[in-house]
Amino acid sequence: MTGTLRVEAASTAGALVLRPWRHEDAERVIEAYGDVAIARWTAHPIKTPEDAERWLEFQRQGRRTGTRLAFAICEDQPGDEGGQLLGNIVLKWPEHPSREVGEIGYWTMPYARGRGVAPRAVEALSAWAFDCYATEGLHRLELIHQEDNPASCRVAEKAGYHFDRILPATPPYPRDGHLHVRHVGH
C-alpha cells in the first residue's frame, strides 16, 4: 500500500486517514515522543530534528524493503491526505520474508486517546492486511504490549485480537508482555 487508507467515521469520532509518513511530519514526531506515555513504551527517544528524521527514514526504509508499513493516523479532511496527526500504526513482519504472521504496533497522541482512534486504526489496518496479503499466506496478526499497559489490552480486544499468553520480558520490552492474536476471517 503506497497511498492512504480511509477509515469510516464512528458514532463517537470522525473518519480517519492512514497515510505514509512524510518529511514534514518531523516536528509532530518529536511532539509525540515528548509525551510521557509514548516515551515510556519506546526504546529509542526522539528529541531532535535529527532523531525525527532518522525515525522517518527508518519508516521509509521499511516500506522500501517490505519489512514494515508505517502510517500516520490523521483526521480525515476533505481534499487532503489527512488533517491533524492522531498517531502512528505499523504492520511489520518479524520473520520477513515470510508473510504468514505479521505484527501490528501503534501509538496515539494524548489528545487522540479515549476517542476510539487506536481500535479503529488497528481494525482497519488488520482487515486491509488480511485482504492484501492473503495470497502470500498471511493468516495471523499479533499485537504485543507490556502487561502494565491496560489501555493496549482494551485496544486489542476492541479490534478483535484475543489474549493468547504472557510473554517473558525480552528486549525491547523490559517487563513481561501480553500477546494478543487475530486470525484471518475473525
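**Notebook: looking into the largest pocket**

I began with the walls: helix 2 (36–40), helix 3 (49–65), helix 4 (117–133) and helix 5 (150–158), along with strand 4 (85–92), strand 5 (101–108) and strand 6 (140–146), each give at least two residues to the lining of the largest pocket. I keep in mind that this is a predicted model.

Next I asked: which element gives the most to this lining? I found that strand 5 does, with six residues.

Then I looked up how much space there is, and the largest pocket holds about 1300 Å³. I noted 44 residues in its lining. Nearest the pocket centre I found Ile38, Trp41, Gly105, Tyr106 and Trp107.

What kinds of residues make up the lining? I sorted them into three groups: 23 are nonpolar, twelve are polar and nine are charged.

After that I stepped back to view the chain. I listed five helices and eight strands. Following the sequence, I wrote their order down as β-β-α-α-α-β-β-β-α-β-α-β-β.

How much of the chain is buried? The chain has 186 residues, and I noted 46% of them as buried, with under 20% relative accessible area as the cut-off.

I also checked contacts between residues at least 6 apart in sequence, and 58% of these join residues at least 24 apart.

My last entry is about the surface: the chain exposes about 9400 Å², and 54% of that area comes from carbon and sulfur atoms.

Definitions and conventions: Residues are numbered from 1 along each chain as its sequence is written. This is a predicted model: local features need pLDDT of at least 70, side-chain atom pairs count only at pLDDT 80 or more; totals for chains, interfaces and linings use all residues. Side-chain values use heavy atoms; hydrogens and water are left out. On a 1 Å grid over the protein atoms alone, a cavity is a set of points where a 1.4 Å probe fits but cannot get out, and a pocket is an open set with protein on both sides within 12 Å along at least five of seven lines; lining residues have an atom within 4 Å of a point. Grid points are joined across faces, edges and corners, and a volume is the space filled by probe spheres set on the points. Helices (H or I, at least four residues) and strands (E, at least two) are DSSP runs, numbered from the N terminus. Ala, Val, Leu, Ile, Met, Phe, Trp, Tyr, Cys and Pro count as nonpolar, Asp, Glu, Lys and Arg as charged, and the others, Gly among them, as polar. Buried means under 20% relative accessible area, exposed over 50%, partly exposed in between (1.4 Å probe, protein chains only). Contact means heavy atoms within 4.5 Å. Accessible areas come from the Shrake-Rupley method with a 1.4 Å probe; for residues, only the protein chains shown count as cover.
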